[in-house]
Amino acid sequence: MQKDITILGIESSCDDTSAAVIRHGVVLSNIIAGQKVHEKYGGVVPELASRAHQQNIIPVVHQALKEAGIDKKELTAIAFTRGPGLLGSLLVGTSFAKGFAQALKIPLVEVNHLQAHVLAHFISQGKEDEKFPKFPFLCLLVSGGNSQIVLVRDYLDMEIIGQTIDDAAGEAFDKCAKIIGLPYPGGPHVDRLAKEGNTHAFKLSKPNIEGYNYSFSGLKTSFLYLLRDKIKENPNFVEENLNDLCASLQFTVIEILMDKLRKAAEETGIKQVAVAGGVSANSALRQAFYEHAEKFGWEVYIPPFSFTTDNAAMIAMTGYFKYLNREFCGLDMTPFARVGNSNFKNEARQKA
Ligand code: KG4
């Protein structure tokens, strides 16, 4: 990797304001400011998220530079999340990045958030025994807003070969968790409670869709109907069966995810398999990856927790690869909310 290229990454796509510094592929700092303001609403409120980003962005960048031990004049380029995400939130990071790059007279690099989740696998922490995926590899990208299987041919050459047609896996966790009264985001609570539950206590429906695509809306409905019927018989059903409900839900989500991933691995013949996005923090999903490695000879890659949820280190890392490829953007670059609105040749793109 080329030396002395120092990239500042800015991430503000949803409810985390993050800034990170990466120098020749090694992370020097990765500061993440979460937003507690959304908890009481049971989900992210876009307007509140943009306001919080406005408050957080300067202190977070300041802290990232300080922790990296560098002066802003040492920066080579600034990379920012262009989308997909909440438009008001993206505008804060985008505008900040443009202003800062302009003031420092350095190049600006726009980054696709989803591509960055995949490239988080290449962030070095400067340790000796680090292991990075080899091309081509498959990446299961699972977060609150996305569930995709990405075929990665090179750093900047990737293709989405399967994706959800409705809810994302994290959304399924969060929505079902909300129904049984767990706080937002529900995924980590389900994970925790499922450890004490029986995975086969309740049978939930699994989708039957083509190719490598996913669907989670049927599971959510079957969870809702199960509760409706059981609560009629016993008003305390949820409280009395909380752990079993979480274990059965988690088991089904993971079966759905792994069934398609296994199919993709079999049909492409690829055995390098990675996972990315917030849901990859799930302990049962991680376990399923290790079991598949053992059973099917996969070489699996699971990033450290700090690089799985939304973070700017992955934005800076992607910015680094794009910088090496001389892929810069101008001040007229605007953010995009949805994947379909992006038109960049090298970013994760939908299959025609
Ligand atoms: O990538 P991410 O941080 O950002 C968004 O896409 O918003 O992912 C957040 C998602 C949420 O849906 C959250 O419930 C889920 O990741 N999540 C988990 C776990 N930790 C976070 N889901 C299941 N088990 C977990 N341990």
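**Close-up views of a predicted model**

**View 1. Helices H8 and H9 are oblique to each other, because their crossing angle falls outside the parallel, antiparallel and perpendicular ranges.** The model is predicted. H8 spans residues 242–268 and H9 spans residues 283–296. Their axes lie 10 Å apart and make an angle of about 40°. That angle is not under 35 degrees, the cut-off for roughly parallel, and therefore H8 and H9 count as oblique. The crossing of H8 and H9 is right-handed. From H8, the contact draws on Gln-250, Ile-254, Leu-257, Met-258, Leu-261 and Arg-262. From H9 come Ala-284, Leu-285, Ala-288, Phe-289, His-292 and Phe-296. By class, the H8–H9 contact residues are nine nonpolar, two polar and one charged.

**View 2. Helices H4 and H6 run roughly parallel to each other.** H4 covers residues 169–179, and H6 covers residues 217–233. Their axes come within 10 Å and cross at roughly 15°. Angles under 35 degrees count as roughly parallel, so the pair H4 and H6 gets that label. H4 passes H6 in a right-handed crossing. Lys-175, Cys-176 and Ile-179 of H4 make the contact with Lys-220, Phe-223, Leu-224 and Leu-227 of H6. Five of the residues in the contact of H4 with H6 are nonpolar, two are charged and none is polar.

**View 3. The ligand is surrounded by 18 residues.** The closest are Gly-144, Asp-174, Asp-191, Gly-278 and Asn-282. Backbone contacts to ligand oxygen atoms follow. A polar backbone atom of Gly-187 is 3.2 Å from a ligand oxygen. For Gly-170, a backbone N or O atom lies 3.3 Å from an oxygen atom of the ligand. For Gly-145, the distance from a polar backbone atom to a ligand oxygen is 3.4 Å.

**View 4. A cis peptide bond joins Gly-83 and Pro-84.** Omega is about -5° for this bond. Pro-84 sits in the loop between strand E4 (77–83) and helix H2 (87–104).

**View 5. The peptide bond from Tyr-184 to Pro-185 is cis.** Its omega is near -10°. Pro-185 belongs to the loop between H4 and helix H5 (187–194).

**View 6. His-24 has a positive phi, in a residue other than glycine.** The phi value is near 30°. His-24 lies in the loop that runs between strand E2 (17–23) and strand E3 (26–33).

Definitions and conventions: Residues numbered from 1 in each chain as written. Predicted model: local features only at pLDDT ≥ 70, side-chain atom pairs only at ≥ 80, totals over all residues. Heavy atoms only, no water. Axes fitted to C-alpha atoms, helices over the stretch in contact; angles between N-to-C directions. Helix = DSSP H or I, 4+ residues; strand = E, 2+ residues; numbered from the N terminus. Parallel < 35°, antiparallel > 145°, perpendicular 65-115°, else oblique. Left-handed = near helix turned anticlockwise from the far one by under 90°. Contact = heavy atoms within 4.5 Å. Nonpolar A, V, L, I, M, F, W, Y, C, P; charged D, E, K, R; others polar. Near = heavy atom within 4 Å. Polar contact = N/O pair within 3.5 Å; in protein donor to acceptor, adjacent residues only side chain to side chain.
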